[in-house]
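Student: Could you take me closely through one part of this model, a single helix and what surrounds it, and then follow the connections outward? I would like the reasoning spelled out wherever a value is turned into a description.

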Amino acid sequence: MTPAYIGLGSNLCDPKNQLRKALAALEQLRDTRIERISSLYRSAAVGPGVQPNYLNAVLLLATDLSPIALLDAVQQIELDQGRVRDIRWGARTLDIDLLLYGDLKIDSLRLTVPHPRMQQRNFVLYPLREISDTNLVLPDGSDLDTLLQQCTDVDLIRTEYPLLVN
Ligand code: ROI
């Protein structure tokens, strides 16, 4: 199985509930296990105009799905939760980004891995650090601790909300 990190974000229609529903759907994915789940983070929206704050989390999966099959699966979950792709970087009910897939670098029309903007995004880097035991080295040789030193955590709050409710 390949370790794959995915990022979840929502800033519309009860974000906490959106992320919980997404987690439940991800638990059902074939050939895939959820290995780790970060805390939920409240983050200021990156993007145009005025948008509500986001809730974000990062998950570590172990998967036998190919990168494109995994992308198809998470995009289906986004659609199932009412995602409308209209305004680039606009508000959304659910966004699931494929951040890292093993050590692969992928640059195709549909998919770029590592996620091209993850290195600048505090709402990705901080939860990623929370669930990685070691200082992750990305396929381009950059390492998570160095990226974190260059990335402010202002406007990012680790919440106490549990993502898993049992
Ligand atoms: N901003 C934050 N804080 N969190 C996100 O998950 C997020 N996702 C996006 C854009 C619109 C770029 N901004 C975001 O897709």
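Tutor: What follows starts from one helix, moves to the loop before it and the elements around it, and ends with some loops elsewhere in the chain.

The model is a predicted one, and the part to look at closely is helix α1, which covers residues 15-27. Its 13 residues, taken at 1.5 Å a residue, should span 18 Å, and because the end C-alpha atoms are indeed 18 Å apart, the expected and the modelled spans agree. Which residues of α1 are buried? They are Gln 18, Leu 19, Ala 22, Leu 23 and Leu 26. These residues cover an arc of only 135 degrees around the axis, and therefore they lie on the same side of α1. The spacing is in keeping with a general point: an α-helix has 3.6 residues a turn, so residues three or four places apart point the same way. The cover over the buried residues of α1 includes the strands β1 (2-10), β2 (32-37) and β4 (54-63), together with helix α2 (67-80).

Other residues of this helix can be set beside the buried ones. Lys 21 belongs to helix α1, and because its relative accessible area is 43%, it is partly exposed. From the C-alpha atom of Lys 21 to that of Gln 81 the distance is 8.2 Å, although 60 residues separate the two in sequence. As for Lys 16, its charged end sits over the ring of Tyr 161, at 3.9 Å from the ring centre. That arrangement involves a charge and a ring, whereas a search of the whole structure for aromatic pairs finds zero.

The loop between β1 and α1 deserves attention for its backbone. It contains Cys 13 and also Asp 14. Phi of Cys 13 is near 55 degrees, a positive value in a residue other than glycine, and Asp 14, likewise not a glycine, has a positive phi of about 60 degrees. Most residues other than glycine have a negative phi, and most peptide bonds are trans. With a relative accessibility of 55%, Cys 13 counts as exposed, because the cut-off for that description is over 50%. Asp 14, at 47%, counts as partly exposed. Cys 151, by contrast, has a relative accessibility of 7% and so counts as buried, and the structure holds zero disulfides.

Helix α2, already named as part of the cover of α1, can be treated in the same manner. Its 14 residues should span 20 Å at 1.5 Å a residue, and because its end C-alpha atoms are 20 Å apart, the two values agree. The buried residues in α2 are Pro 67, Ala 69, Leu 70, Leu 71, Ala 73, Val 74, Ile 77 and Glu 78. Among the elements that cover them are β1, α1, β4, β5 (95-101) and β6 (106-107), which shows the relation with α1 from the other side. Just after α2, Gly 82 takes a positive phi of about 80 degrees.

For α3, how many of the ten residues are buried? Seven of them are, and therefore α3 is largely enclosed by the rest of the structure. The buried residues are Asn 122, Phe 123, Val 124, Leu 125, Pro 127, Leu 128 and Ile 131. In the loop between β7 (112-113) and α3 (122-131) lies Pro 114, and the peptide bond that joins Val 113 to Pro 114 is cis, with omega about -5 degrees.

Both residues of that bond are contacts of Lys 105, which, leaving aside neighbours within four places in sequence, is in contact with Val 113, Pro 114, Pro 139 and Asp 140. Lys 105 itself lies in the loop between β5 and β6, and because its relative accessible area is 58%, it is exposed.

A further loop, between α4 (144-149) and β8 (156-158), holds Asp 155, which counts as exposed because its relative accessibility is 52%. When its neighbours within four places in sequence are left aside, Asp 155 is in contact with Arg 42, Ser 43 and Ala 44. The C-alpha atoms of Asp 155 and Tyr 41 are separated by 9.9 Å, with their places 114 residues apart along the chain.

Note on methods:
Residues are numbered from 1 along each chain as its sequence is written. This is a predicted model: local features need pLDDT of at least 70, side-chain atom pairs count only at pLDDT 80 or more; totals for chains, interfaces and linings use all residues. Side-chain values use heavy atoms; hydrogens and water are left out. Helices (H or I, at least four residues) and strands (E, at least two) are DSSP runs, numbered from the N terminus. The expected span of a helix is 1.5 Å times one less than its number of residues. Buried means under 20% relative accessible area, exposed over 50%, partly exposed in between (1.4 Å probe, protein chains only). The arc is that of the directions from the helix axis to the C-beta atoms. Contact means heavy atoms within 4.5 Å. A disulfide is a pair of cysteine sulfur atoms within 2.5 Å. Rings of Phe, Tyr and Trp (its six-membered ring) pair if their centres lie within 6.5 Å; planes under 30 degrees apart count as stacked, over 60 as edge-to-face and the rest as tilted. A charge sits over a ring if NZ of Lys or CZ of Arg is within 6 Å of the ring centre and within 35 degrees of the ring normal.
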